Amino acid sequence: GQAVSIKEVNDPTFSEEILGKGIAIRPAEGKVYAPCDATVDMMFETGHAVSLIADCGAEILIHVGLDTVNLKGKHYTIHANAGDKVTKGTLLMEFDKDAIIAEGYDVITPIIVCNSGDYSAFNVYTGKDVVPGDVIIELAK
């Protein structure tokens with residue numbers, strides 16, 4: 001998908017960085033991959049969001065779409081569970097992008113580092129198309 005500024009997310013919880021700094025992806029396909037080596041902290045039952053603890057200590061939230069919790073899991077398939085150790089590029093979940101859009105939801109996908117204040121440097125790479133494995137956020141302590 002396309003990596004865009006978190007400011008483009010039409011939800012102040014994300015765009016105003018209330019949960020932490022981040023980036024957003026306008027997905028080209030309905031798949032979410034682990035952005036780094038991590039442990040799945042929580043996979044939401046609805047499949048619309050996952051939180052990860054990166055091996056470097058970053059607390060990452062990936063939230064597929066806006067207000068999509070209201071779909072109650074419809075159009076989502078979970079491929080990872082809490083406690084799973086994943087590597088960069090592991091498929092975490094799938095979603096039917098077109099069906100979610102048809103139901104009136106925005107599928108923009110914020111990726112938030114909830115403990116971004118723990119890092120002295122936080123760089124995001126926006127304005128380009130990205131594929132699984134591309135670096136979109138770099139952190140430094």
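Select His48 and Thr46 in this predicted model: their side chains make a polar contact at 2.4 Å. His48 lies in the loop that runs between β4 (38–43) and β5 (49–54). Colour His48 by accessibility next; its relative accessibility is 4%, and because buried means under 20%, His48 counts as buried.

Now display what surrounds His48. Leaving out residues up to four places away in sequence, His48 touches Ile62, His63, Val64, Thr68, Val69, Tyr76 and Met93.

Keep Met93 selected and add Val32, which stands opposite Met93 of β9. Extend the selection to the strands themselves: β3 and β9 (residues 91–95) pair in the antiparallel sense over three bridges. Adding β7 completes an open, antiparallel sheet of three strands, ordered β3-β9-β7. Its edge strands, β3 (31–33) and β7 (76–78), each pair on one side only. On average, neighbouring strands in this sheet are turned by 15° against each other, direction ignored.

Turn then to the largest nonpolar core, which has 32 residues. Select Val40, Val50, Leu52, Ile60, Ile62 and Leu92, the members that touch the most other members. Two or more residues of this core come from each of β2 (21–26), β4, β5, β6 (59–63), β9 and β10 (109–113).

Centre the view on Val40. Neighbours within four places in sequence aside, Val40 is in contact with Val50, Ser51, Leu52, Ala80, Asn81, Ala82, Gly83, Asp84, Val86 and Leu92.

Finish at a second, separate core of ten residues, where Ala49, Leu61, Leu66 and Ile108 are among the members to select.

Key: Residues are numbered from 1 along each chain as its sequence is written. This is a predicted model: local features need pLDDT of at least 70, side-chain atom pairs count only at pLDDT 80 or more; totals for chains, interfaces and linings use all residues. Side-chain values use heavy atoms; hydrogens and water are left out. Two strands pair if DSSP finds at least two bridges between them. Helices (H or I, at least four residues) and strands (E, at least two) are DSSP runs, numbered from the N terminus. Axes are lines fitted to C-alpha atoms, for helices over the stretch in contact, and angles run from 0 to 180 degrees between N-to-C directions. Buried means under 20% relative accessible area, exposed over 50%, partly exposed in between (1.4 Å probe, protein chains only). A polar contact is a pair of N or O atoms within 3.5 Å; within protein, one must be able to donate a hydrogen and the other to accept it, and residues adjacent in sequence count only if both atoms are side-chain atoms. Contact means heavy atoms within 4.5 Å. A nonpolar core is a set of buried Ala, Val, Leu, Ile, Met, Phe, Trp, Tyr and Cys residues joined through side-chain atoms within 4.5 Å.
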